[in-house]
Amino acid sequence: MAVVGIDIGDHSTYIAVAKQGGVETIANDYTQRNTPTIVALGGRQRFMGVSAENQRNLNVKNTVSYFKNFLGRSYKDEYVQKELNEIGADVVELEDGKVGFKIHNNTYRPEQILAMMFTKVKDIVRNDQGEDIETCVVSVPVHFTETQRSAIKDAAKIAKLNLVQIMNDTSALALAYGKTKNDLTSDERNPRYVVFIDCGSGGRPNNHGGDYKRRSCCSWKLIQHKRRG
């Protein structure tokens with residue numbers, strides 16, 4: 001069973017697997033290490049990742065992209081109102097005031113769409129590793145609220161993923177940096193300070209620190225296994 005770190009970005013999703021004492025960012029069915037964070041629904045078929053991106057221009061109203069930051073938000077949220085035209089599918093207000101996506105006369109919550117993306121992640125891992133995901137860690141922006149983090153947990157449950165930790169992006173960066181640097185001192189009398197700055201991407205594609213984040217998700221899980229052992 002695979003131990004996996006998942007970075008669900010606004011534009012791309014990355015998957016890292018703990019393997020032989022190290023961490024490897026794995027490729028999807030198209031030999032790409034980044035999978036588009038896009039979900040599309042056909043009449044009787046679902047498309048996730050590359051296949052969803054390939055048909056987006058022909059199926060705009062049934063395609064959902066940039067949905068991560070809609071998790072846990074109300075329809076009247078200022079961010080939601082500004083981004084309505086970037087999603088693709090029609091964005092509607094649900095009975096509880098939350099955001100929903102109208103596709104083929106059905107309404108889906110953002111966590112349901114994310115669950116579909118998680119299902120694609122499971123398929124990629126199974127095809128690459130020949131085994132299912134045992135546990136996973138997901139990285140999120142620091143500004144994510146408890147409601148948004150709870151929505152990610154709900155999405156994981158829907159996808160039947162054993163989510164053991166949600167990590168802040170900056171924490172993931174710091175862990176990965178420390179793991180790869182052998183010259184960091186532990187001398188309290190002469191400490192060395194390293195500052196990590198998340199410049200943000202305004203909800204748009206940005207690859208800063210991506211590899212550090214992916215690797216650190218799995219690194220964290222590896223450390224926990226060693227501690228238990």
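**A charged trio in helix 3**

Arginine 126 has a relative accessible area of 34% and is partly exposed. Task: in this predicted model, find which residues are joined with Arg126 into one network of salt bridges.

Solution.
- Start with the direct pair: arginine 126 forms a salt bridge with aspartate 123, and their closest N and O atoms are 2.9 Å apart.
- Next, place the two residues. They are three residues apart in helix 3, so about one helical turn separates them.
- Check the surroundings of the partner. Aspartate 123 has a relative accessibility of 28%; because that value falls between 20% and 50%, aspartate 123 counts as partly exposed.
- Now extend the picture: salt bridges with shared partners link Asp123, Arg126 and Asp132 into one network.

**Two more salt bridges**

Task: for the salt bridge between lysine 61 and aspartate 90, work out which parts of the structure the pair ties together. Then decide whether arginine 73 is buried or exposed.

Solution.
- A reminder to begin with: side chains of opposite charge can pair when their charged atoms come close.
- A search of the whole structure finds eight salt bridges. One of them joins the side chains of lysine 61 and aspartate 90, at 3.0 Å from N to O.
- Locate both ends. Lysine 61 is in the loop between helix 1 (50-54) and strand 7 (63-65), while aspartate 90 is in strand 8, so the pair ties together parts that lie 29 residues apart in sequence.
- Look at accessibility. Lysine 61 is partly exposed at 49%, and aspartate 90 is partly exposed at 38%.
- Turn to the other pair: the side chains of arginine 73 and aspartate 77 meet in a salt bridge of 3.2 Å, N to O.
- Arginine 73 has a relative accessibility of 17%, and because buried means under 20%, arginine 73 counts as buried. Its partner, aspartate 77, is partly exposed at 23%.

**A sheet with a helix packed on it**

Task: find the order of strands in the sheet that contains strand 8, and say which helix packs on the sheet.

Solution.
- The sheet is open and has three strands in the order 8-9-10, with antiparallel pairing.
- Its edges are strand 8 (90-93) and strand 10 (106-108), each of which pairs on one side only.
- Ignoring direction, neighbouring strands of this sheet are turned by 40° against each other on average.
- Zoom in on one pairing: strand 8 and strand 9 (residues 99-103) run antiparallel and are joined by four bridges. Within this pairing, valine 91 has phenylalanine 101 of strand 9 as its bridge partner.
- Finally, helix 3 (residues 110-129) packs on the sheet and touches strand 9 and strand 10; the helix direction makes about 80° with that of strand 10.

**The covered strand**

Task: determine how many residues of strand 1 are buried, and which strands pair with strand 1.

Solution.
- Seven of the seven residues of strand 1 (residues 2-8) are buried.
- Sort them by direction: Ala2, Val4, Ile6 and Ile8 point one way, Val3, Gly5 and Asp7 the other way, and all are buried.
- Strand 1 runs parallel to strand 11 (residues 133-140), with six bridges joining the two. Here aspartate 7 stands opposite serine 139.
- Strand 1 also pairs with strand 2 (residues 12-19), in the antiparallel sense and over five bridges. In this pairing, valine 4 has valine 17 as its bridge partner.
- The connection from strand 1 to strand 2 is a hairpin of three residues.

**A buried asparagine**

Task: list the polar contact partners of the side chain of asparagine 28, then compare its accessibility class with that of asparagine 127.

Solution.
- Asparagine 28 is in the loop between strand 3 (22-25) and strand 4 (35-36).
- A polar atom of its side chain lies 2.8 Å from the backbone nitrogen of tyrosine 30. The side chain of asparagine 28 also makes a polar contact of 2.9 Å with the side chain of threonine 35.
- Leaving out residues up to four places away in sequence, asparagine 28 touches Asn34, Thr35, Val50 and Ile124.
- With a relative accessible area of 9%, asparagine 28 is buried, whereas asparagine 127, at 56%, counts as exposed.
- Asparagine 127 lies in helix 3. Its C-alpha is 9.7 Å from that of alanine 27, although the two residues are 100 residues apart in sequence.

Methods: Residues numbered from 1 in each chain as written. Predicted model: local features only at pLDDT ≥ 70, side-chain atom pairs only at ≥ 80, totals over all residues. Heavy atoms only, no water. Pairing = 2+ DSSP bridges. Axes fitted to C-alpha atoms, helices over the stretch in contact; angles between N-to-C directions. Contact = heavy atoms within 4.5 Å. Salt bridge = Lys/Arg side-chain N within 4 Å of Asp/Glu carboxyl O. Buried < 20%, exposed > 50% of the residue type's maximum accessible area, 1.4 Å probe, protein only. Polar contact = N/O pair within 3.5 Å; in protein donor to acceptor, adjacent residues only side chain to side chain.
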